[in-house]
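Trainee: Got a minute to look at a structure with me? I'd like to talk it through before I go back to the bench.
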Amino acid sequence: MEKLRIIFMGTPEFAVGILDTIIKNNYEVVGVITAADKPAGRGQKLKYSAVKEYALANNLTLLQPISLKDEIFLSELKALNANLQIVVAFRMLPKVVWEMPSLGTFNLHASLLPNYRGAAPINWAIINGETKTGVTTFFIDDKIDTGAMILSSEIPINETENAGHLHDRLMELGSKTVIDTLEMIEKGNVSREIQKDTAEIKTAYKLNKENCKIDWTKSALEINNLIRGLSPYPAAWCFFGDKNEEWNVKIYEATISTEEHNYAIGSLICTKKEMKVAVKNGFIQILHLQFPGKKKMSTPELLNGLAFSVDAKAY
């Protein structure tokens with residue numbers, strides 16, 4: 001059995017959960033690679049990645065290259081003398097990096113590959129109304145999320161859960177799957193399954209302002225799936241218009257009411273405590289939302305200080 005010397009590469013909170021599990025299972029992590037610090041917020045102060053915060057708190061050797069092809073970085077990486085690299089939510093690696101360790105470089109991806117390759121697999125699984133998802137470990141090659149698969153684990157998607165809740169469950173599942181993968185590599189009995197490409201493969205496109213905007217002409221189920229799939233971040237959004245005013249509104253939680261009605265699509269119907277939008281097969285009842293310059297709040301909280309006319313619209 002070969003003793004593993006691991007380099008871990010990752011950036012967000014999802015990666016922290018995996019790294020913490022590796023450490024707590026007494027594997028030797030000889031180095032951590034994460035994104036360079038970036039200015040953020042109104043003061044443009046340098047912000048550390050979640051993985052950097054964890055590495056500093058646990059006295060782990062840390063590298064933050066701007067370029068993964070930089071000769072100084074490559075020398076530092078080689079000097080760590082790792083025989084295995086693990087990548088979780090980081091960035092595409094050049095061949096000179098993923099080929100470096102003798103036991104290879106594997107990635108944990110938050111989908112059941114080959115479906116949902118790409119930047120936002122958790123979000124798109126919910127947006128597209130999937131009833132199950134999971135995680136996959138695979139050896140990295142020269143494309144994005146296409147390498148030979150090692151292990152996959154599956155969980156159901158609950159009808160009401162949002163991307164934040166599913167993220168946490170997949171982080172827990174991913175932690176276990178990474179440990180199972182490490183045990184296989186240690187024992188030298190790793191299986192490899194080549195991914196098969198078909199026309200039906202679904203992609204986890206990068207989220208942007210356009211694909212996060214609510215289209216109120218879609219069905220109630222499609223709209224609610226978009227809201228769930230983008231909550232709590234980056235959040236589905238739309239415009240509210242009333243009395244010659246317009247607001248860019250983020251919607252975090254809603255429910256569906258399927259019924260016939262005579263309202264125009266996008267009509268915003270409000271009482272003192274409830275807000276719903278008319279769609280073609282019923283209503284979307286909005287439960288939590290955020291107006292520009294205000295904090296996220298419940299619908300009753302918003303309606304306590306803001307009244308809408310019968311002509312209000314969502315679009």
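Mentor: Sure. Let's settle terms: helices here are DSSP runs of H or I with at least four residues, and strands are E runs of at least two, numbered from the N terminus. Keep in mind that this is a predicted model.

Trainee: OK, so how many helices and strands does the chain have?
Mentor: The chain has 8 helices and 18 strands.

Trainee: And what does the C-alpha trace span along its principal axes?
Mentor: About 70 × 45 × 30 Å. Of the 315 residues in the chain, 49% count as buried. The accessible surface is about 16500 Å², and carbon and sulfur atoms account for 50% of that.

Trainee: What about contacts in the chain between residues at least 6 apart in sequence: what share joins residues at least 24 apart?
Mentor: That share is 64%.

Trainee: Switching to pockets. What's the volume of the largest pocket?
Mentor: About 1700 Å³. Its lining has 46 residues, and Thr11, Pro12, Ala89, Phe90 and Ala119 are the ones nearest the centre.

Trainee: What kinds of residues make up that lining?
Mentor: The lining of the largest pocket splits into 27 nonpolar, 9 polar and 10 charged residues. Several elements each put in at least two residues, including α1 (13-24), β6 (84-88) and α6 (163-187).

Trainee: Cysteines next. How many disulfides does the structure hold?
Mentor: It holds 0 disulfides. Take Cys212, which is in none: the nearest cysteine sulfur belongs to Cys238 and is 13 Å away.

Trainee: Why is Cys270 without a bond to Cys238?
Mentor: Because the two sulfurs are 12 Å apart, too far for a bond, and Cys238 has the cysteine sulfur closest to that of Cys270. The cut-off for a disulfide here is within 2.5 Å.

Trainee: Are those two, Cys212 and Cys270, buried or exposed?
Mentor: Cys212 has 4% relative accessibility, so it counts as buried. Cys270 has 26%, so that one counts as partly exposed.

Trainee: Last one: where is Glu28 found?
Mentor: Glu28 is in strand β2 (residues 28-33). With 28% relative accessibility, Glu28 counts as partly exposed.

Trainee: Which residues is Glu28 in contact with, leaving aside its neighbours within four places in sequence?
Mentor: Lys3, Leu4, Arg5 and Ile6.

Trainee: And how are Glu28 and Asn158 separated?
Mentor: Their C-alpha atoms are separated by 36 Å, and along the chain Glu28 and Asn158 are 130 residues apart.

Conventions:
Residues numbered from 1 in each chain as written. Predicted model: local features only at pLDDT ≥ 70, side-chain atom pairs only at ≥ 80, totals over all residues. Heavy atoms only, no water. 1 Å grid on protein atoms, 1.4 Å probe; cavity = no way out; pocket = protein on both sides within 12 Å on 5 of 7 lines; lining within 4 Å. Points joined across faces, edges and corners; volume = space filled by probe spheres on them. Nonpolar A, V, L, I, M, F, W, Y, C, P; charged D, E, K, R; others polar. Buried < 20%, exposed > 50% of the residue type's maximum accessible area, 1.4 Å probe, protein only. Contact = heavy atoms within 4.5 Å. Areas by Shrake-Rupley, 256 points an atom, 1.4 Å probe, with all protein chains shown as cover.
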